[in-house]
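Trainee: I am new to this structure and would like to start with one small part of it. Could you pick a spot, take a close look at it with me, and then show me how it fits into the rest?

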Amino acid sequence: RGPAAGAALAELLRSSRSLEILVLSENPELGDGLGAALAEAPWANSESKLRDLRLNGTGLGPAAGAGLAALLRSSRSLELLYLHDNPELGGGLGAALSEVPWANAESRLRELWLNGTGLGPAAGAG
């Protein structure tokens, strides 16, 4: 729960070479601990096979933006990312999305769920 769960998750993401699908959906108590784990994970690890990451309803807040930005910039395997139903993400998510090179030829991302994340009109500007 909280920071302890985040630390365990960060270790899992650092050490796993075979994990392809991680579903943490509907665990709102993860919150800031999960955000910290996202920031610490080695997303650019060329050995990572993570392709499906479901973080909907996990209580992510604005602080998770840095980890999400790193994930979206660096992951070479991620195909699906579910962030919906995290209404506190808001500005942190907007900042993360603005840092992503969406034309990255190495990206395999094909589904990104953002409904219910508190993004405002400014997130679409640019």
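**One contact and its surroundings**

Mentor: Leaving out residues up to four places away in sequence, R14 touches E40 and P42. Please keep in mind as we go that this is a predicted model. R14 and E40 are 26 residues apart along the chain, yet their C-alpha atoms are separated by 8.3 Å. R14 itself belongs to helix 1, and it counts as partly exposed because its relative accessibility is 33%, between the limits of 20% and 50%. Its partner E40 brings us to helix 2, which covers residues 31–40.

Now step along the chain from R14. S16 sits in the loop between helix 1 and strand 1. With a relative accessibility of 17%, S16 counts as buried, because the cut-off is 20%. The side chain of S16 reaches the backbone nitrogen of L19 at 3.0 Å.

Going on past strand 1, the loop that leads to helix 2 holds E26. This residue is not a glycine, but its phi is positive, about 60°. Most residues other than glycine have a negative phi, which makes E26 a nice place to pause. E26 is exposed, with a relative accessible area of 53%. You can find a similar case in D85, in the loop between strand 3 and helix 4. D85 is not a glycine either, and its phi is about 65°; with a relative accessible area of 41%, D85 is partly exposed.

Let us return to helix 1 and helix 2 and look inside. Both give two or more residues to the largest nonpolar core, as do helix 3 and helix 4. That core has 28 residues, and among those with the most contacts inside it are L34, L53, L68 and L83. In soluble globular proteins, nonpolar side chains tend to be buried together. L68 makes a good example: beyond its neighbours within four places in sequence, L68 is in contact with L38, L83, L89, L93 and A96.

Two of those partners, L93 and A96, lead us to helix 4, where they are buried along with G90, G92, G94 and L97. The buried residues of helix 4 pack against helix 3 and also against strand 4, residues 111–113.

There is some empty space to see as well. Two cavities of 30 Å³ or more turn up in a search of the whole structure. The second largest has a volume of about 50 Å³. Its lining is made up of L71, L72, S75, L78, S107, R108 and L109. By class, that lining has four nonpolar residues, two polar ones and one charged one.

Finally, let us step back to the whole protein. It has four helices and four strands, which run α-β-α-β-α-β-α-β from the N terminus on. Of its 126 residues, 44% count as buried. The link between R14 and E40, 26 residues apart along the chain, now has a wider setting. Among contacts between residues at least 6 apart in sequence, 86% join residues at least 24 apart.

Technical notes
Residues numbered from 1 in each chain as written. Predicted model: local features only at pLDDT ≥ 70, side-chain atom pairs only at ≥ 80, totals over all residues. Heavy atoms only, no water. Buried < 20%, exposed > 50% of the residue type's maximum accessible area, 1.4 Å probe, protein only. Contact = heavy atoms within 4.5 Å. Core = buried A, V, L, I, M, F, W, Y, C linked by side-chain atoms within 4.5 Å. 1 Å grid on protein atoms, 1.4 Å probe; cavity = no way out; pocket = protein on both sides within 12 Å on 5 of 7 lines; lining within 4 Å. Points joined across faces, edges and corners; volume = space filled by probe spheres on them. Nonpolar A, V, L, I, M, F, W, Y, C, P; charged D, E, K, R; others polar. Polar contact = N/O pair within 3.5 Å; in protein donor to acceptor, adjacent residues only side chain to side chain.
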